Structure formats: structure tokens, C-alpha cells
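Colleague: I would like a close look at the core of this model and the contacts that hold charged and polar side chains there. Please pick one part to start from and walk me outwards, with the cut-offs as you go.

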Amino acid sequence: QVQLVESGGGLVQPGGSLRLSCAASGLTFSRYTMGWFRQAPGKEREFVGTITWSGSTRYADSVKGRFTISRDNAKNTVYLQMNSLKPEDTAVYYCAVDLKYRGSYYYATGSYEYDYWGQGTQVTVSS
């Protein structure tokens, strides 16, 4: 059974940094695209970024240059490094896995493309 568990959320001041982790189990992690999404209160879930099985990444314009996704296949973990955080980054952050075979440069940016989701971790950016 596939399980994804996020951690690392919390309260941070504007301009600060956080690193989220997502530990995966029940799958051959290195084969699949992983994605990060977020959902703020009263808003729809939105794409943050994705990393393919080959390590290629793509980001939403709103986080480009501030957020970085990486993966450690030996640890079955994907990370979201968030720098220069803004109050508008406040949301519940989710990781997800796309279990379909993809080319190394296919970027899954729609939530409908992902098969399993973590429970989410709250990130609050406030002074």
C-alpha cells in the first residue's frame, strides 16, 4: 500500500525558510514523478512544483526562484525547500505521486494526474 507522509511544516516569519519532507513507502520510489501542491483556506488546491523520476523539475510561477524540489531515492523522500517565504505562501502543503509511466521530461502539473496523496502539513507565514 502506497503511503506518503509529509513533515516539516510550521510557523515562520516573512522572509524565512522551511524545508518540507515527504517520505514514501509501498512503491519503487525512484521510478515515479512526485509533486507538491498547496491549498489555502477558501481556495482550490494549486500546483507548486514537480520532480520527475530523472530529477527534472518544474515550478509554478508564484514560487519560481524561491522554492526548490529535490529527491533522495535512497531514502524514498522528496523535499521542498522554501525560501523567502511570503504570507501568501500560507497553506496546507501536500505531496503526491504519479504512478503512471512518464517520459523524463513530462511534467505533471494537474492534481488529477496524481494517484496518491499525503495528509498535508500546515505552513503559516506570519509576523
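**The cysteine pair and its surroundings**

Modeller: Cys-22 and Cys-95 are both buried, where buried means under 20% relative accessible area, exposed means over 50%, and partly exposed is anything in between (1.4 Å probe, protein chains only). Please keep in mind that this is a predicted model, in which local features need pLDDT of at least 70 and side-chain atom pairs count only at pLDDT 80 or more, while totals for chains, interfaces and linings use all residues. Residues are numbered from 1 along each chain as its sequence is written, and side-chain values use heavy atoms, with hydrogens and water left out.

The two cysteines form a disulfide with their sulfur atoms 1.9 Å apart; the criterion is a pair of cysteine sulfur atoms within 2.5 Å. By this rule the model has one disulfide. Its S-S torsion is about 55 degrees, so the disulfide is right-handed. Cys-22 sits in strand 3 (residues 18-25) and Cys-95 in strand 9 (residues 91-98), 73 residues apart, and the pair thus links distant parts of the chain. Strands here are DSSP runs (E, at least two residues), numbered from the N terminus, as are helices (H or I, at least four residues).

Let's stay in strand 3, which also holds Ser-21. Ser-21 has 17% relative accessibility and therefore counts as buried. Setting aside neighbours within four places in sequence, Ser-21 is in contact with Val-5, Glu-6, Ser-7, Trp-36, Thr-77, Val-78 and Tyr-79, contact being heavy atoms within 4.5 Å. Strand 1 and strand 3 pair in the antiparallel sense over five bridges; pairing requires that DSSP finds at least two bridges between the strands. One of the bridge partners is Ser-25 in strand 3, matched with Gln-3. In a regular strand the side chains alternate between the two faces of the sheet. Strand 1 (residues 3-7) shows such alternation: Leu-4 and Glu-6 point to one face and are buried, whereas Gln-3, Val-5 and Ser-7 point to the other and are not.

Thr-77 and Val-78 turn up again around Arg-71: apart from neighbours within four places in sequence, its contacts include these two as well as Phe-29, Tyr-32, Met-34 and Trp-53. Arg-71 belongs to strand 7 (residues 67-72). Arg-71 is buried yet has no salt bridge, and the nearest side chain of opposite charge, Asp-72, is 8.5 Å away. For charges, Lys and Arg count as positive and Asp and Glu as negative, with His and the chain ends not counted; a salt bridge is a side-chain nitrogen of Lys or Arg within 4 Å of a carboxyl oxygen of Asp or Glu. What Arg-71 does have is a polar contact with the side chain of Asn-73 at 3.0 Å. In addition, a polar atom of the Arg-71 side chain lies 2.9 Å from the backbone oxygen of Thr-52. A polar contact is a pair of N or O atoms within 3.5 Å; within protein, one must be able to donate a hydrogen and the other to accept it, and residues adjacent in sequence count only if both atoms are side-chain atoms.

Where are salt bridges found, then? There are six of them by this rule. Asp-98 and Lys-100 meet in one of 3.1 Å, N to O. Asp-98 counts as buried because its relative accessibility is 0%, while Lys-100 is partly exposed at 34%. Lys-100 also forms a salt bridge with Asp-115, with the closest N and O atoms 3.2 Å apart. Both of these residues lie in the loop between strand 9 and strand 10 (116-117), so the pair ties together parts that are 15 residues apart in sequence. Asp-115 is partly exposed, with a relative accessible area of 36%. Elsewhere, Arg-38, Glu-46, Arg-66 and Asp-89 are joined into one network by salt bridges that share partners. Within it, Glu-46 and Arg-38 meet at 2.5 Å, N to O; Arg-38 is buried at 5% relative accessibility, and Glu-46 is partly exposed at 35%.

Asp-89 leads us to one last residue, Val-123, which is 34 residues away in sequence but 7.6 Å away in space, C-alpha to C-alpha. Val-123 lies in strand 11 (residues 121-125) and is buried at 0% relative accessibility. Besides Asp-89, Val-123 touches residues including Leu-18, Leu-20, Met-82 and Tyr-93, not counting residues up to four places away in sequence.
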